[in-house]
Amino acid sequence: MVLNWIWICFFVVAFAVALVKLIFLGDMEVFPEIMNKAFDGAKNGFEISLGLTGVLALWMGIMKIGEKGGVVNALARLLSPVFVRLFPELPKNHPAFGSIFMNLAANMLGLDNAATPMGLKAMEQMQTLNKDSRTATNAQIMFLVLNTSGLTLIPVSIMVYRAQMGAAQPADVFLPILLATTVSTLVGMLATCLVQKIRIDKVLLLFILGICAFVSLVVWGFSAMPQVKIGPVSANIANIILFGIIILFIVSGIRSKINVYDAFIEGAKDGFTTAVRIIPYLIAILVGVAVFRASGAMDWITGGIGWIVSECGLDTDFVGALPTALMKPLSGGGARGLMIDAMNTYGVDSFTGRLACSIQGCTDTTFYILAVYFGSVGIKNTRHAVGCGLLADFAGIIAAIFIAYIFFK
């Protein structure tokens, strides 16, 4: 229901803003621009779905090998002490635990194309236990919040964009992103635990402390490394781990004496049908975002925040990065474009340019993920997923702003 009303608001607010611009500002181009962007959004949604088809087929095929080879079940058993507490609705050693871990690990490595198929697989596995197929379960919501909070250890794509635009040190946003995304993930997890009345016992507390310790270790390791080496080294680490996982799954299939090729084909077929199933949901969210942005509503919100901050006598340098922050929960591509625009406008090594990069990397696209993941299993009632997801986004963005002032001011 929440996603339904938010989607409606995109169109209603866009129409109201466009009407004001037409009547009072004489803007004769606003409504044609809105319709053009709506058609572009629909086209982009379909093209993204087509692009996902190959990736989904590849990774769902690999996951099927891992399932039949026993690796996914082994991961489920390994993670059971923590995951049975975060996902108490799931039976111990349920296969979904392995898929959840693979999805979160891919996200942490900045490998979005690998994360999505694994996440969709996890949703399908959890849906088999759902007594009300149209309403999200607590386990599915917890998974989505952890996913949208976007814990990213290696933001490869952002460092690549900065390098292409001539940044003196493309990897100088690496540590701020890591710290901000950790805040986002912990806030999202704790908020969902509070809503779902999940008790933080010794095991979960040790898990949280373990995350903080691991992040601290990564910060220490990379802070001792020359800036110019962080990008290439982190990119290689991510891809070596990913390819290592593929080899591990294939070897497990050989050891289990399964037909690895047939298992891959079976999983790839599931990937194709999943890609087709998410097309309407993807188009719906992208068209709504495109209309809202084209109307100028996003610019009005940003301008209003800037005016309030200025009137309060506070520093306004962060306002230039707010369009990226406001767009990030709605559209990854839109936020990426606004991040690049901020670097072009203010300078790739400016405070605003670096902050836009930090915001881009600290969370994931909440509404996009909710639409695609819930849409893939036919869920309509998202319950508290939107609220907890947006709270994680907000915490990450605020953390990114404060951390940017510490690192870059």
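**Exercise 1. Classify C212 as buried, partly exposed or exposed, and do the same for C312.**

Solution. In this predicted model, C212 has a relative accessible area of 30%. Buried means under 20% and exposed means over 50%, so C212 is partly exposed. C312 reaches 53% relative accessibility and therefore counts as exposed.

**Exercise 2. Find how many disulfides the structure holds, and explain the result for C212.**

Solution. A disulfide is a covalent bond between the sulfur atoms of two cysteines. The closest cysteine sulfur to that of C212 belongs to C193, at 14 Å. The cut-off is 2.5 Å, so this distance is too far for a bond. The structure as a whole holds zero disulfides.

**Exercise 3. Decide whether the ring pair F10 and F292 is stacked, tilted or edge-to-face, and place both residues in the chain.**

Solution. There are nine aromatic pairs in total. For F10 and F292, the ring centres are 5.6 Å apart and the planes stand at 50°, so the pair is tilted. F10 sits in helix α1 (residues 2-25) and F292 in helix α12 (residues 279-294), so the pair links parts of the chain 282 residues apart. F10 is buried at 6% relative accessibility, and F292 is buried at 10%.

**Exercise 4. Repeat the classification for F83 and F87.**

Solution. Their ring centres are 5.5 Å apart and their planes are at 80°. Planes over 60 degrees apart count as edge-to-face, so this pair is edge-to-face. Both F83 and F87 are buried. Ring pairs join F83, F87 and F97 into a cluster.

How values were computed: Residues numbered from 1 in each chain as written. Predicted model: local features only at pLDDT ≥ 70, side-chain atom pairs only at ≥ 80, totals over all residues. Heavy atoms only, no water. Buried < 20%, exposed > 50% of the residue type's maximum accessible area, 1.4 Å probe, protein only. Phe/Tyr/Trp six-rings, centres within 6.5 Å; stacked < 30°, edge-to-face > 60°. Helix = DSSP H or I, 4+ residues; strand = E, 2+ residues; numbered from the N terminus.
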